[in-house]
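Colleague: I'd like to learn how to read a few features off a model. Could you take me through them one at a time?

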Amino acid sequence: MISTRELTKDFVVSRTETVHAVRGISLDVAPGELVAVLGPNGAGKTTTLRMLTTLIAPTSGTATVAGYDVRSDPARVRRRIGYVGQGNGAGHSQRVGDELLGQGAIYGMDRRAAKRRTAELLENLELKELAQRKVSELSGGQRRRLDVAMGLVHAPGLLFLDEPSTGLDPQNRANLWQHILRMREQHAMTIVLTTHYLDEADSMAERVVVVDHGEVIADDTAEVLKTRLAGDRIVLTVAASNHSRIQELAERLPGAREFTSTGDQVSVRVTDGPGALPILLGAAQQDGVPVAAAQVHRPTLDDVFLNLTGRSLREADTDGKAAA
Ligand SMILES: Nc1ncnc2c1ncn2[C@@H]1O[C@H](COP(=O)(O)OP(=O)(O)OP(=O)(O)O)[C@@H](O)[C@H]1O
Ligand SMILES: [Mg+2]
């Protein structure tokens, strides 16, 4: 559905300044996949989506989207995709319902089909009561739901969503996801989205592409990324006088690293937490070291990013925002 090779984008800001926003992204997305693109502010996520949706031309490299080259066949690409940008797409003075019908018309839907889709989307995205309101009167979250509805009207085979859930409250985030997943099932959609909600990428996407400084630094299922690049963390509650003994025992576990000790707790990262915990507890018992409590923490995608880059995705985000 998507195939890019060494895609780059430079923005020439001034005679002396060029921003290398995307530095060579090669990506393949198969039909039906749901791919989440993660990365800190300024990583190049939006720029990549804008190239794939033909809104800006790549500086170098190639990209085929829905079977057509983004450079030589942009019109064909556009007809087959939906795009919900990071900013707001809808016009200000239009009414919500008309805006959706208009979007259907732009994509060549007949009026009856556009009406049916509009009614369905208004219902599913909790916009029904707002159908007669002007777009300019909507709240931020209502507006975001309308943006997403706009990208879904013509039920595209390939949908790009740039931070679809940013600014939504938890209830509306859940509704939005429910609708996206249902649409995907009904219309066999392929979806590529960006998000700053790591839990969302983790639970919804089958594949996570981590982007940093305009490059793909990891690309796999969340499960594999977490296991391979972060590992589980075992935390034991043990008297401080026994910490060094526990460390000696823990260091024998497969993949043991990052041993830390604070207060009455020791922590070690291992490849397989549930497998390693009984071994560690058994060894402690044999040595006569009392363990008051034991926990296994599964890693998060933030741990993955930390391992790949040495910085936390949350911190990287804050830095980006401060700089922006
Ligand atoms: N039109 C432009 N002109 C100059 N620089 C740009 C332009 N668009 C983006 N950039 C720069 O390119 C880099 C990548 O920006 P991009 O919007 O792709 O990041 P992002 O990963 O989407 O970030 P965010 O999470 O904040 O949305 C940034 O350094 C940004 O300042
Ligand atoms: Mg962006």
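Modeller: Sure, let's start with polar contacts: a polar contact is a pair of N or O atoms within 3.5 Å; within protein, one must be able to donate a hydrogen and the other to accept it, and residues adjacent in sequence count only if both atoms are side-chain atoms. Here, a polar atom in the side chain of Glu33 sits 2.8 Å from the backbone nitrogen of Ala30. Bear in mind that this is a predicted model, where local features need pLDDT of at least 70, side-chain atom pairs count only at pLDDT 80 or more, and totals for chains, interfaces and linings use all residues. Residues are numbered from 1 along each chain as its sequence is written, chains are lettered from A and ligands numbered from 1 in the order in which they are written, and side-chain values use heavy atoms, with hydrogens and water left out.

Colleague: Where is Glu33, and which residues does it touch?

Modeller: Helices (H or I, at least four residues) and strands (E, at least two) are DSSP runs, numbered from the N terminus. Glu33 is in the loop between strand E2 (18–29) and strand E3 (34–38). Contact means heavy atoms within 4.5 Å. Leaving out residues up to four places away in sequence, Glu33 touches Asp28, Arg184, Met189, Thr190, Ile191, Glu206 and Arg207.

Colleague: Which residues are closest to ligand 1?

Modeller: Around a ligand, a residue counts if one of its heavy atoms lies within 4 Å. Ligand 1 has 14 residues around it, the closest being Asn41, Gly42, Lys45, Thr46 and Thr47. An N or O atom in the Asn41 side chain is 2.6 Å from an oxygen atom of ligand 1; for Thr46, the side-chain distance to a ligand oxygen is 2.7 Å. Gln86 also places a polar side-chain atom 2.9 Å from an oxygen of ligand 1.

Colleague: And how do I read packed helices?

Modeller: Two packed helices are described by the angle between their axes and the distance between the axes. Axes are lines fitted to C-alpha atoms, for helices over the stretch in contact, and angles run from 0 to 180 degrees between N-to-C directions. Helix H3 (residues 96–106) packs on helix H5 (residues 140–152) at about 25°, with axes 9 Å apart. H3 is therefore roughly parallel to H5 (under 35 degrees is roughly parallel, over 145 roughly antiparallel, 65 to 115 roughly perpendicular, the rest oblique).

Colleague: Which residues of H3 and H5 meet?

Modeller: Val96, Glu99, Leu100 and Gln103 in H3 meet Leu146, Ala149 and Met150 in H5.
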